[in-house]
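Visitor: I should like a close look at a single part of this model, set in its surroundings. Which elements adjoin it, and what does it contribute to the interior?

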Amino acid sequence: DSRFLQPPEEVWVPVSGYGAEIAKKYEVSNYGVVRSRSFVLEGMRKSKLGNSHPYSKVIKGKLLKPFTTKEGYVTVNFCTGGGKGTPTLLHRVVAFSFLGIPSDTSCVLHWNDNPSDNCVWNLRFGSDLDNSRDKVVRGRAPVGEEATKAKLTQEQIAEIKILRESGLTLQVIADRYNVTPSTVFNACAGNSWKYTLTDAYCGVDLEAILEHFTLAAVTSVEAT
């Protein structure tokens, strides 16, 4: 049926979430386009004879020029006075205006992972954790030694997984590599590193690793 192939109608609403003055001056559409609203400018004007008389002029609204950040996100500038205004993320403008304003500091996420696609049906609210998961699923999150804050090398990760499989506790392994137990857990769970357990064993000398950590020593540490 051709009815299902028709794109949604463009709908315009006042911008929400950025104050009454912005809402009065700007509108946003469900397609992620922002425009200033038309208004009547009124004032007094002097004639050549020096007489003052009232006048009014219609100032037509216009589409705002979007800008794209180096990360690919689209921004627009809202002006309430002089100057160029402040860059505002377009996807948040659309979400706040059509989906409502959340009570918390929720992230606005793109369903298709395209930050330039700011149609309302491509947006949803989510937590910081949801945002991080999206980055991992889409392959945008730095992992392993590519992460700027990585504390472990790939070889160390392989060793850690072997030690964990042998029965050593998170704390004992963490002390060995001068990291936190949560770092060890995330490494073993694959939350921080793209490694499978099979990959971890490749090219690693199991006996050489375990000679420094016997189960007897672990039992002693845990008892303490």
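Guide: Two strands pair if DSSP finds at least two bridges between them; helices (H or I, at least four residues) and strands (E, at least two) are DSSP runs, numbered from the N terminus. The model is predicted, so local features need pLDDT of at least 70 and side-chain atom pairs count only at pLDDT 80 or more, whereas totals for chains, interfaces and linings use all residues. Residues are numbered from 1 along each chain as its sequence is written, and side-chain values use heavy atoms, with hydrogens and water left out.

The part chosen is helix H2, residues 90-99. Seven of its ten residues are buried (under 20% relative accessible area, 1.4 Å probe, protein chains only). Those buried are Leu-90, His-91, Val-93, Val-94, Ala-95, Phe-96 and Ser-97. Gly-100 follows H2 and has a positive phi, near 100°.

The sheet beside the helix comes next. Its three strands form an open sheet in the order S6-S7-S8, with antiparallel pairing. Strand S6 (67-68) and strand S8 (86-89) are the edge strands; each has a single partner strand, so one side of each lacks a neighbour in the sheet. Between strand S7 (residues 74-78) and S8 there are four bridges, in the antiparallel sense, and Asn-77 has Pro-87 in S8 as its bridge partner. H2 packs on this sheet and touches S7 and S8 (contact means heavy atoms within 4.5 Å). The direction of H2 makes about 60° with that of S8, where axes are lines fitted to C-alpha atoms, for helices over the stretch in contact, and angles run from 0 to 180 degrees between N-to-C directions.

H2 also contributes to the interior. The largest nonpolar core (buried Ala, Val, Leu, Ile, Met, Phe, Trp, Tyr and Cys residues joined through side-chain atoms within 4.5 Å) has 17 residues. Val-15, Val-28, Val-34, Phe-78 and Leu-90 have the most contacts inside this core. Strand S2 (26-29), S7 and H2 each supply at least two of its residues, and H2 gives the most, with four. Leaving aside its neighbours within four places in sequence, Val-28 is in contact with several residues, including Val-93, Val-94, Ser-97 and Phe-98. A second, separate core has twelve residues, among them Ile-160, Leu-168, Val-172 and Val-179.

Another antiparallel pair involves strand S9 (residues 107-110) and strand S10 (residues 123-126), with four bridges. Leu-109 has Arg-124 in S10 as its bridge partner. Cys-107 and Leu-109 point one way from S9, Val-108 and His-110 the other way, and all are buried.

Key
Buried < 20%, exposed > 50% of the residue type's maximum accessible area, 1.4 Å probe, protein only.
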